[in-house]
Structures are given as C-alpha cells and as structure tokens.
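Q: Can you walk me through the fold of this one? I'd like the helix packing and the sheets.

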Amino acid sequence: MPRLVVVSNRVAVPDPEGPRQAGGLAVAVNAALKRREGIWFGWSGEISEDDNPPQVVQRRQRSFVTIDLSSTDFQEYYNGFANRVLWPILHYRVDLAEFTSVELGGYLRVNARFADALSRFIRPDDWIWVHDYHLLPLAKELRARGHDNPIGFFLHIPCPSPDILLALPQHLETVGALSHYDLVGTQTQHDADNLRQYFELQGANFARNRTYFDIEGRRVQLRAFPVAIATRVYARTARTAMRSDFANEVRDSLNGRSLILGVDRLDYSKGIPHRIQGFGQFLETFPDWRGRITYLQVTPKSRSDVPEYADINQTVNTLVGQINGRFGAPAWTPIRYVNRAYSRASLAALYRMARVGLVTPLRDGMNLVAKEFVAAQNPEDPGVLVLSQFAGAAEELGEGSILVNPHEPEAMAAAIDTALQMPLAERQSRYRRMFRHLAAHDIDRWAESFLAALMESRHTTPRILDNLRQLFAARG
Ligand code: F6P
C-alpha cells in the first residue's frame, strides 16, 4: 500500500494531555491514515517571523509535519484571501467578499511555501491528498517542482454556480488551478455539477459519463464524496457520555423542560441570527410552549480577527438579549447562549439529550453536526432533526429530518412545533432511516472510496499519453 501524504491548513497533532476535540476534518484525515503509513502536513497554528525548519512529530507509522507562518502570511493568506474572499464567495456571499491583489499574492505565496517545505518529504510512489479551500493551487505548485504523484483534492465547503465563481477576481489562478489535480472531490452532486459547468466554460471537454474532463492536456476526475462520521463509534460515545457529571448537570438544570439545541462555530454562513428569529417566531406563534422548553445555542468563537466575524458576534448577542428580554420570566430563560467549545463526548451527550436539533445554516458544505446529532440519538426515544435545505447533509438526510428554509421564520417556527409534537413511532422510523444510511456510509467508507477513485484516476490516464498528446498538439 503506498504511503499517504495528507495536506491541510490545520493539522491535529496528537496531544496526549489535551482534550479530545477533533473536528470533522481531523476525523476524516485520521480515517484516511488508518492502517497506512503516512504524513500529515500543514500549518502549525503558530505565527513566527523566524525561518524555522518544519517541526516533525512521529507517532507510530504517522509523521505530523508543520510549519509556522509569518504574521504577513497569516494576515494575507488565512485572514485575507482564504477567509475574506474564498470563504464568502464559495458560501454564495459575494456581497461580503473583500478582494485585494495583495492578499491573493499572499495566498499564492503561502501555497508555494507549503510546496517548498513539503517537497523534500515526498517520495515518488506516495499518494497525496490535499484538503480544503486554503490550498486550491497546491497541486500546480507541486507539479512545478517535478512531483508526478497521484494528487487528489477534497473541497469541504460548498461550490457555487459559475455565475458566482466568476465573480472571484483571477479565478483561474485559484479555482481554475484545481485542474492540476488527478481527482477533485466535492461534498454533494450539486457542488460537482457547479464545478463541472465552471470548467466547461474554461474549455474543458467532459467524457460522456461526466466524471472525467480534459483541459490543456491534463485529465481530471470530478466527483461527489459526501463526507461522513464514524457513526457507530459516535453512537457509543453518546451512550457512554450520558453517564458523565456534565450530562447530569445539564439534565438537572433543564428541570423537566425539553431541550432544543444548536451547535455551530460563530460564522455568518451558519444562519444563527435567522435561527434565533425563527425561535422568537415560534414563541410568538405557539405560546403554549413558553416555559416548557429551553433553547441552548453552543457557539465557539472563530476567526475573530476577521471583521465580518466581529459583526456576527454583535448581531447574535443583541438578538439573544432581545428574545430573552421579551419572552423570559424570572424563573425561565428561553435561550442559553454559550461561546465555549466542548469535547466530542460532551457534545454527544447534549445531542442525545435534545428533543430537537436545529441545524439551519444559510449554506454549508455538509454540516457534520446534523450527522452527529442523528448518530447520538437514543433509538428508543430519538430527538428530531430540523435541517436547512441549504446544508449539504440535506441530500442524504432530507427524508428523515424536517427540512426548512432558514430565510422563512414562520416555517422554522412551525418546524420546531412539529418536531416537539412528533409521535414516538414517527420519530423512531425517521431516526432508523437516517441511522441506517449513516452507518452504511461512514467515514471509513468515505476515505476508502476517495482513495480508490484516486487510484482509478491514474489507471485511466497514463500521464505519459497525456504528455505525448500535448507534444503533438504543440507541434501542430
Ligand atoms: O469547514 C471548513 C473548515 O476549514 C474546516 O476544515 C475547519 O475545521 C473549519 O472550517 C474551521 O475553520 P478554521 O480552521 O478557520 O478555524
């Protein structure tokens, strides 16, 4: 089995002393590296002006290799281009994008730095798997340094239609550079279709099955691989976590009230203000529920240096205050709003305790909270998932959840009421349908199917033929 080199902006270097907080990306990468020799390469999370060599941490057959970024690199690449240009545009928010060519320069420079630093660790027979929007041009940089390895890319966030992608200044240098990968994976078929249309506009020729395209002498496979979770492991974690002190404390504090739960990073794509307004509408339209439910919104802060994130913080605080002020009573607070991050086990307990899970982003690549919420439920007495039609997860969980348009507060209010009133038999049958799907499509299967497709890419396209074709084309 070839060695696997995984590249992502952040690297979850194992810390035996730290809490178990692995996010979706870490669970996915760990599944890919399971039973394989491998390297996980990326940013250390540290800012340093010194030209430090890469730091290497060895854990059995895996090496974790990280580099620091200078404050200018961090500002231009991470805060600037990745999170103020690519993030909003790929989440359909062209209105929030703040483009400068300096930041694009920083983004391309850091990708070149990643390629320089990674280059010396790559062996000719390694497979390389690059993750996420921070590293769109990395394959191009690695090819320029002579690496002919199979290289795959997986986009964890959405891909909008070409109408929106074309609003990205100099898109050929970023989205267009995806054509240097052998395999490009997206979260949903909808994302893959959007990217296919974008490449068709750039002159790509798609094969009849629409999964392979040729462009400038290169052949690329483009497919959807909906990211998943370790379903059965997570279900076990949730069962066990219900016996923890944390779970008992929260349960006691509810005082018999039903729990409505939201868990999201503080990000404008998550639709938290819309959700709070929907909840306010619910209390307005269905006054009988007042005092009988508690809405807990767990929202760790993120990307605090980016101005749009400071704005959303302000907006959410104001809305929570308004709803609590308007509907609260001395013995009842409708919304509990918490800005801390919790361990996987604590979150699993909260999911299992909740009667309703609100996962209502305005746009989301997948949203693993939706999948974890389902996996964590008690099969005998499961809670109900209220899910945005704009989350990637809706392609898989649309039938078992209650789908909503987060822009419609009345529909959100009605969905919460329906979820709270849903009879046990219906809750169980919806849960069973979703759990069966998640158990059959878990994270191990996701990683293996991506890697199998990467291998297939190479077998379908002997690079030598491409090179010959290019040579003949150049000679006319
Ligand atoms: O969802 C995309 C993503 O980049 C994840 O990979 C990551 O866990 C999350 O956003 C958090 O982003 P950041 O690394 O900027 O805190």
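A: One term before we start. Axes are lines fitted to C-alpha atoms, for helices over the stretch in contact, and angles run from 0 to 180 degrees between N-to-C directions. Also, this is a predicted model.

Q: Fine. At what angle do the axes of α7 and α12 cross?
A: Roughly 60°, and the axes come within 8 Å. Helix α7 covers residues 231-241 and helix α12 covers residues 368-376.

Q: What does that make α7 relative to α12?
A: Oblique. Angles of 65 to 115 degrees count as roughly perpendicular, so the crossing at roughly 60° makes α7 oblique to α12.

Q: Is the crossing left-handed or right-handed?
A: Right-handed, as α7 passes α12.

Q: Which residues make the contact?
A: From α7, T231, Y234, A235 and A238. From α12, E372, A375 and A376. By type, five are nonpolar, one is polar and one is charged.

Q: Now α9 and α14. How do their axes cross?
A: At roughly 65°, coming within 7 Å. Helix α14 is residues 409-421. The crossing makes α9 roughly perpendicular to α14. Here α9 passes α14 in a right-handed crossing.

Q: Which residues touch there?
A: On α9, H274, R275, Q277, G278, F279, Q281 and F282. On α14, P409, E410, M412, A413, I416, D417 and L420. That contact divides into seven nonpolar, four polar and three charged residues.

Q: What else does α9 lie across?
A: Strands β11, β12, β13 and β14. Helix α9 is residues 272-285, and it runs at about 175° to β12, which is residues 293-298.

Q: And where does α11 lie?
A: Across β11 and β12. Helix α11, residues 344-353, runs at about 135° to β11.

Q: So what is the strand order in that sheet?
A: β13-β12-β11-β14-β15-β16. It is an open sheet of six strands with parallel pairing. The edge strands, β13 (335-338) and β16 (402-404), each pair on one side only. From one strand to the next, the twist averages 20°.

Q: How many bridges pair β11 with β14?
A: Two, in the parallel sense. Strand β11 is residues 258-263 and β14 is residues 356-359. In that pair, L261 of β11 stands opposite G357 in β14.

Q: Remind me, what do strands pair through?
A: Backbone hydrogen bonds, either parallel or antiparallel.

Q: Switching to the ten-strand sheet. What order does it have?
A: β3-β4-β2-β1-β5-β6-β7-β10-β9-β8. This sheet is open too, with mixed pairing. At the edges, β3 (55-59) and β8 (205-206) each pair on one side only.

Q: How many bridges join β1 to β5?
A: Four, and the two strands run parallel. Strand β1 is residues 4-10 and β5 is residues 127-131. One facing pair: V5 stands opposite I128 in β5.

Q: Which strands does α6 touch?
A: β7 (183-186), β8, β9 (212-215) and β10 (218-224). Helix α6, residues 189-201, packs on the sheet. Its direction makes about 155° with that of β10.

Q: Big picture. How many helices and strands has the chain?
A: 17 helices and 16 strands.

Q: And what is the radius of gyration?
A: 23 Å. With 476 residues, a compact globule would come out near 23 Å, so the chain agrees.

Q: What does the C-alpha trace span?
A: About 80 × 50 × 45 Å along the principal axes.

Terms used. Residues numbered from 1 in each chain as written. Predicted model: local features only at pLDDT ≥ 70, side-chain atom pairs only at ≥ 80, totals over all residues. Heavy atoms only, no water. Parallel < 35°, antiparallel > 145°, perpendicular 65-115°, else oblique. Left-handed = near helix turned anticlockwise from the far one by under 90°. Contact = heavy atoms within 4.5 Å. Nonpolar A, V, L, I, M, F, W, Y, C, P; charged D, E, K, R; others polar. Pairing = 2+ DSSP bridges. Rg over C-alpha atoms; globule rule 2.2 N^0.38 Å.
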